[in-house]
Amino acid sequence: MPIAWRAFRGAADRSTVMSVTPHTVRTVAEVMSSPVVVALPDETVAEAATRMNDRTVGSVVVVDGTRPVGILTERDVVRLAAAGPSAEGTKVAEWMTPDPDCVEPGLSVQEAFVSLGTHGYRHIPVVEGSELVGIVSLRDLMRVAAIQPVVHPGQIEAPPGLEGVIVAETKVGDVRGLEGFYHYREYSAVELAGKRSLEDIWFLLFEGHLPTRAESDAFAAEVRGLRQVPEAVRRLLPEVARSGGPLMDRLRSAVSLVGHSQGFQPWLDIPPAELRSNALVVCAAVPTLIMALHRLEQGQEPIDPDPELGYGANYMWMLTGERPDEERARAVEQYQILTIDHGFNASTFTSRVITSTGADLAAAVTGGIAALSGPLHGGAPARALDLLDAIGTPDNARPYLVDAVTKGEKIMGFGHRVYKTDDPRSLFLRDVAERIGAEKVDFAEQVEQTVVDVLAELKPGRNLYANVEFYAGVVMEHTGLPRDLFTPTFASSRVIGWCANILEQAADNRIIRPSARYVGPPPPQPVPDPA
Ligand SMILES: CC(C)(COP(=O)(O)OP(=O)(O)OC[C@H]1O[C@@H](n2cnc3c(N)ncnc32)[C@H](O)[C@@H]1OP(=O)(O)O)[C@@H](O)C(=O)NCCC(=O)NCCS
């Protein structure tokens with residue numbers, strides 16, 4: 001079941017979840033202090049404070065006989081001094097917290113901890129019936145168990161990898177893992193890829209509705225006009241290209257330069273319309289930057305974008321300088337459409353986290369590029385093709401895969417955090433690969449079936465199927481894209497999804513700042529003197 005973070009915000013009955021390892025589950029009776037330092041209601045605060053000091057305790061329980069009727073803490077004494085009245089002239093009864101909450105000795109340490117944390121108490125009297133038998137402090141509890149200190153009363157514990165945790169509300173889109181379905185603003189992404197241009201879908205994500213014909217033409221003209229890389233960045237690109245490393249690294253630098261050269265400001269300091277126009281600049285420039293960096297690295301001159309061409313055709317044009325075959329250009333564009341957005345994946349989340357700090361748009365996009373570059377996220381399509389090469393022949397598929405999975409290796413292009421059935425992007429791209437007659441498609445289909453069978457045998461119950469990356473490589477290779485452009489091509493359109501999320505985050509922002517459980521040695525350890 002997903003856990004909704006937001007549901008805990010401001011909830012009246014917040015519950016605090018903390019872990020106490022099973023062997024440390026103990027009761028209050030074992031950790032409470034007894035006998036209790038007490039005071040009488042008629043005593044003065046000065047007398048009670050002296051006793052606290054002498055007995056080095058942080059509070060006294062005020063009793064009537066053996067029944068607790070109040071609690072007076074060090075903090076109360078300090079507040080009294082600050083308020084003006086003298087401690088000598090003030091009775092304990094006048095300044096104590098009357099009718100304090102109490103706990104029973106049989107209560108677990110964990111529950112007592114919740115009670116203290118929820119109410120913000122540091123001490124809580126322990127009663128049996130109505131008789132005072134002890135007092136338990138936050139410090140007593142902390143001493144006995146590996147308990148998470150209460151930082152926030154609504155603190156909850158999230159599973160590793162935040163699996164299933166809902167961290168925001170979005171209207172950009174959603175992934176339904178069990179149904180094998182995902183959508184962009186209520187329209188099936190797969191159906192959109194079949195029927196509409198990438199620019200129409202870009203408009204949909206930014207504006208919230210599919211464009212009319214007139215809107216579509218106007219938007220295409222607007223964004224095609226932004227494809228050129230700003231002059232200041234063009235001049236620097238040869239240097240960036242020469243800096244080496246994977247193209248995704250250089251793309252990060254180039255996007256930073258675009259933001260800087262265009263004077264992007266932290267979004268907190270600019271109106272929403274300016275942030276939107278920053279987003280259009282970056283989304284339009286990224287495909288051009290990718291191809292320019294690629295060509296420069298090959299020792300070739302970059303090719304200027306062509307505003308007459310559609311999104312995919314222009315992308316392929318900038319690779320070769322030749323008018324691309326229409327079918328291949330459409331295949332690339334359909335891949336780019338399918339990868340625009342996909343729920344709260346790691347790179348989208350990264351972009352939103354950076355945006356939540358108020359940083360500028362280029363900062364959030366470079367973070368997204370960094371997250372996407374990892375092999376577990378966007379770095380897999382080239383590795384999936386490498387896998388096909390390594391397997392070589394259909395006969396070798398089974399022994400190769402059994403060996404790899406037995407050794408604990410991950411088969412690239414398979415498995416997904418959300419999909420527990422066929423990934424709809426993979427099914428669509430398999431059809432595209434068949435349609436365009438990709439050389440490796442038959443072999444890839446045989447390998448796919450073998451991987452699914454081997455994983456079902458060796459990893460039963462995990463429901464592992466081909467993900468978007470498996471056929472992406474097959475399609476991209478056939479269209480003429482070299483392997484080092486596979487992940488950048490993923491980024492070329494995912495930037496639109498990041499930006500739609502950045503705009504949404506900025507429109508309703510709260511800084512994203514979770515917590516971690518400290519599991520190191522118990523603090524504070526004495527700081528050794530310098531040797
Ligand atoms: C996508 C991915 C990162 C999702 O990770 P996740 O949700 O954290 O899932 P886990 O890694 O915990 O996998 C769950 C189990 O399935 C296994 N598994 C998942 N994907 C696997 C794969 N591709 N090959 C072999 N085993 C896999 C894991 O080993 C694990 O087994 P265990 O229960 O014995 O430990 C993961 O499936 C993966 O690494 N796939 C390969 C990389 C890839 O294709 N990335 C592109 C994603 S679009």
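How do the residues of the shell around the ligand divide into nonpolar, polar and charged? Keep that one in mind; it gets settled in the first exercise. One thing up front: this is a predicted model.

**Exercise 1. The ligand shell**

Task: Work out what surrounds the ligand, and pick out polar contacts to its nitrogen and oxygen atoms.

Solution:
- Step 1. Start with the head count: 19 residues surround the ligand. The closest are Ile 411, Gly 413, Phe 414, Arg 417 and Arg 462.
- Step 2. Sort the shell by character, and you get 8 nonpolar, 5 polar and 6 charged residues.
- Step 3. Now hunt for N or O pairs, with a cut-off of 3.5 Å. On the backbone side, an N or O atom of Ile 411 sits 2.8 Å from a ligand nitrogen, and one of Leu 376 sits 3.3 Å from a ligand nitrogen.
- Step 4. For a side chain, go to Arg 462: one of its polar side-chain atoms is 2.8 Å from a ligand oxygen.
- Step 5. Finish with the area. On its own the ligand exposes 860 Å², and the protein buries 73% of that.

**Exercise 2. The four-stranded sheet**

Task: Lay out the sheet that contains β2, β3, β4 and β5, and find the helices that go with it.

Solution:
- Step 1. Write down the strand order: β2-β3-β4-β5, in an open sheet with mixed pairing.
- Step 2. Look at the ends. β2 (38-39) and β5 (97-98) are the edge strands, and each has a single partner, so one side of each lacks a neighbour in the sheet.
- Step 3. Zoom in on one pair. β2 runs parallel to β3 (residues 59-64), with 2 bridges between them, and Val 38 faces Val 61 of β3.
- Step 4. Add helix α3 (residues 45-54), which packs on the sheet and touches β2, β3 and β4 (67-73). Its direction makes about 80° with that of β4.
- Step 5. Then add helix α4 (residues 74-83), lying across β4 and β5 at about 55° to β4.

**Exercise 3. Hairpins in a row**

Task: Trace the chain through β9, β10 and β11 and describe each turn.

Solution:
- Step 1. β9 (residues 173-176) and β10 (residues 181-184) pair antiparallel over 4 bridges, with Arg 176 opposite Phe 181.
- Step 2. These two strands make a hairpin with 4 residues between them. Gly 180 in that turn has a positive phi, about 65°.
- Step 3. Carry on to β11 (residues 187-188), which is antiparallel to β10 and joined to it by 2 bridges. Here His 183 stands opposite Ser 188.
- Step 4. β10 and β11 also form a hairpin, this time with 2 residues between them. Arg 185 sits in the turn.

**Exercise 4. Backbone oddities**

Task: Which non-glycine residue has a phi near 40°, and where do Pro 35 and Pro 524 lie?

Solution:
- Step 1. Recall the background: most residues other than glycine have a negative phi, and most peptide bonds are trans.
- Step 2. The phi hit is Arg 185, with its positive value near 40°. Arg 185 belongs to the loop between β10 and β11.
- Step 3. Next, the omegas. Ser 34 to Pro 35 is a cis peptide bond, with omega near 0°, and Pro 35 falls in the loop between α2 (28-31) and β2.
- Step 4. Pro 523 and Pro 524 are also joined by a cis bond, with omega about -10°. Pro 524 is in the segment after α23 (486-507).

Notes:
Residues are numbered from 1 along each chain as its sequence is written. This is a predicted model: local features need pLDDT of at least 70, side-chain atom pairs count only at pLDDT 80 or more; totals for chains, interfaces and linings use all residues. Side-chain values use heavy atoms; hydrogens and water are left out. A residue is near a molecule or strand if one of its heavy atoms lies within 4 Å of it. A polar contact is a pair of N or O atoms within 3.5 Å; within protein, one must be able to donate a hydrogen and the other to accept it, and residues adjacent in sequence count only if both atoms are side-chain atoms. Accessible areas come from the Shrake-Rupley method with a 1.4 Å probe; for residues, only the protein chains shown count as cover. Ala, Val, Leu, Ile, Met, Phe, Trp, Tyr, Cys and Pro count as nonpolar, Asp, Glu, Lys and Arg as charged, and the others, Gly among them, as polar. Two strands pair if DSSP finds at least two bridges between them. Contact means heavy atoms within 4.5 Å. Axes are lines fitted to C-alpha atoms, for helices over the stretch in contact, and angles run from 0 to 180 degrees between N-to-C directions.
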